Amino acid sequence: MSSITESFARAVFLIYHLDRELLRIIMLSLEVSGTALVLASLAGLPLGALLGFRNFPLKGLFLTVLNTCMGLPPVAVGLFLYLVLSRSGPLGFLSLLYTNTAMIIAQWVLALPIVASLSHASIVSVDPVIRQASMTLGATPFQISLTVIREARYGIMSGVIAAFGRVIAEVGAILIVGGNIAGYTRVMTTTIALETDKGNFELALALGLILLGISLSINVALHVVQKRGLAGARRWP
Amino acid sequence: MALRLTASHITKGYDGNPVLRDCTFSFAAHGVYVLTGANGCGKSTFLRICALIEAPESGDIDFFSVGAPLPKDLALRRRITLVLPRVGVFNTTVFGNVSYGLRIRGIGGSRARKKVSDALEFAGLTHKKDQNALTLSSGETQRLGIARALVIEPEILFLDEPTASVDQKNTEIIEEIILNMKRDRMTTVVITTHDREQAKRLSDFPLIMDGGKISAV
């Protein structure tokens, strides 16, 4: 019990003093997950909109696959990408394995289905009368789509925040494709796994607390966004 | 030149049940047309078809300005508008809702602000302009729908059951707005209602829908 308390105390000390290495690990985590999220949003939002506004053959099957991919096991994604990016794999010539780019690709794969699927769900749940009202006021099809997306904005933002929560906390995929190389591809979650293995609980706990803080901030943001959306949806004449 | 509307031999049904049967009518003169009829007789369907929101199974909707019928394109759709019974409020301020029609037409700045202010004043909503429109009462929401339609100065305005779910006070305000439009005689207004007394108060041209057809009372 005393060792846990001691580890906590030293973890708080580490956070308070925030040495250069710790800061570098935190910043790299945010950079990798942030970049993956931006790229996933750039692809996922149009994909969600396309699925929300257009009908095409096998759309139902595509949606089922997309929804299933929301729960992709990170280690499976990591393993698949490892095989693709390793020297003997089809994209081995790009030499991306054990780089930040590989970690961004892995997290992009994990975030994309969440952003796309939740964007689609938000768009199709917009009351059809919004589309009709927009049409009666003389909007073009493109303007109607933009209006519907605007009405779905809180749901879409929730999806983006949820995707960030998923990627910032995952360890399996980036551990496999990033290699957890000190000073190069070591991020918060992989450091926690490594330091726990080494019995260096102070650093693991310090990073765990920071990660918890980030998760808490994400959840607070999600709560605020959902509350604003609900306040809007409470009255829908 | 004023816009005129002719509905010719309109047929429409849902799930095999015919609602409009060979329905023909011409809205040739300026004024307020009030269409009454029992619930489910097809009044709203007729209005939606006239407002080019829904297509008929057969028959034609034609708008004329001079000579030949106008093509049913965006330019024509922007000369008419329909206020739905459930208005379809956008999750933004009252001002943002009313200015929508102007924004999508590329009208902004002081000209847009003036038009929106005038429409809000006409609908008695000036004091609510900065409020989120989703927090308005049912009656205020209907008035918002009318203000949102009026700001784009439609040549033909369709109002589908504008007082169906509002209290007496708001019904009176909405009727006053319609009577003001009637006095201005700038817009052809087509209203549906199941309230025959209201139809008498508002109409220049009382109409009735029965058996899927329209006839003058």
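Helices here are DSSP runs of H or I with at least four residues, and strands are runs of E with at least two, each kind numbered from the N terminus. The model shown is predicted.

**Figure 1. Chain A, an all-helix trace.** Chain A has 11 helices and 0 strands. Read from the N terminus, its elements run α-α-α-α-α-α-α-α-α-α-α. Along the principal axes, the C-alpha trace of chain A spans about 65 × 45 × 25 Å. The chain holds 237 residues, and 44% of them are buried. Now take the contacts in chain A between residues at least 6 apart in sequence: 75% of these join residues at least 24 apart.

**Figure 2. Helix H4 of chain A and its two sides.** This helix covers residues 74-85. Its 12 residues, at 1.5 Å each, should span 16 Å, counting one less than the number of residues. The end C-alpha atoms are 16 Å apart, so the model agrees with that expectation. Five residues of H4(A) are named as buried: A:Val77, A:Gly78, A:Leu81, A:Val84 and A:Leu85. They cover an arc of only 130° around the axis, and therefore lie on the same side of H4(A). An α-helix has 3.6 residues a turn, so residues three or four places apart point the same way. On the other side of H4(A), A:Phe80 and A:Leu83 are exposed. The cover over the buried residues of H4(A) includes helix H5 (100-124) and helix H9 (172-178) of chain A.

**Figure 3. A:Ala49, a buried residue in helix H2 of chain A.** Helix H2 of chain A runs over residues 20-53, and A:Ala49 sits in it. The relative accessible area of A:Ala49 is 13%; the cut-off for buried is under 20%, so A:Ala49 counts as buried. Set aside its neighbours within four places in sequence, and A:Ala49 is in contact with A:Ile123 and A:Ile149. Look also at A:Val115, which is 66 residues from A:Ala49 along the chain. The C-alpha atoms of A:Ala49 and A:Val115 are separated by 11 Å.

**Figure 4. Helix H4 of chain B, buried on one side and exposed on the other.** H4(B) covers residues 109-122. At 1.5 Å a residue, its 14 residues should span 20 Å, and the end C-alpha atoms are indeed 20 Å apart. The buried residues of H4(B) are B:Ala112, B:Lys115, B:Val116, B:Ala119 and B:Leu120. Their arc around the axis is only 135°, which means that they share the same side of H4(B). Find B:Ser110, B:Arg111, B:Lys114 and B:Glu121 on the other side of H4(B), where they are exposed. The buried residues of H4(B) pack against helix H3 (94-103) and helix H5 (138-150) of chain B. After H4(B) comes B:Gly124, with a positive phi near 70°.

**Figure 5. B:Ala119, a buried residue of H4(B).** Helix H4 of chain B contains B:Ala119. With a relative accessible area of 6%, B:Ala119 is buried. Leave aside its neighbours within four places in sequence: B:Ala119 is then in contact with B:Val98, B:Ala147 and B:Val151. One of these partners, B:Val98, is 21 residues away along the chain, yet its C-alpha atom is separated from that of B:Ala119 by 7.8 Å.

**Figure 6. The largest pocket.** Its volume is about 410 Å³. The pocket is lined by 13 residues, and the closest to its centre are B:Leu150, B:Glu153, B:Asp184, B:Met186 and B:Thr187. Two elements give two or more residues each to the lining: H4 and helix H6 (168-184) of chain B. H4(B) gives the most, with 4 residues. By class, the lining of this pocket has 7 nonpolar, 1 polar and 5 charged residues.

**Figure 7. The largest cavity, lined by residues of chains A and B.** The model has 3 cavities of 30 Å³ or more. The largest cavity has a volume of about 50 Å³. From chain A, its lining takes A:Ala133, A:Thr136 and A:Leu137. From chain B, the lining residues include B:Thr81, B:Leu82, B:Val83, B:Gly145 and B:Arg148. Helix H6 (128-136) of chain A, strand E5 (80-83) of chain B and H5 of chain B are the elements that give two or more residues to this lining. By class, the lining of the largest cavity has 7 nonpolar, 3 polar and 1 charged residues.

Definitions and conventions:
Residues are numbered from 1 along each chain as its sequence is written. Chains are lettered from A and ligands numbered from 1 in the order in which they are written. This is a predicted model: local features need pLDDT of at least 70, side-chain atom pairs count only at pLDDT 80 or more; totals for chains, interfaces and linings use all residues. Side-chain values use heavy atoms; hydrogens and water are left out. Buried means under 20% relative accessible area, exposed over 50%, partly exposed in between (1.4 Å probe, protein chains only). The arc is that of the directions from the helix axis to the C-beta atoms. Contact means heavy atoms within 4.5 Å. On a 1 Å grid over the protein atoms alone, a cavity is a set of points where a 1.4 Å probe fits but cannot get out, and a pocket is an open set with protein on both sides within 12 Å along at least five of seven lines; lining residues have an atom within 4 Å of a point. Grid points are joined across faces, edges and corners, and a volume is the space filled by probe spheres set on the points. Ala, Val, Leu, Ile, Met, Phe, Trp, Tyr, Cys and Pro count as nonpolar, Asp, Glu, Lys and Arg as charged, and the others, Gly among them, as polar.
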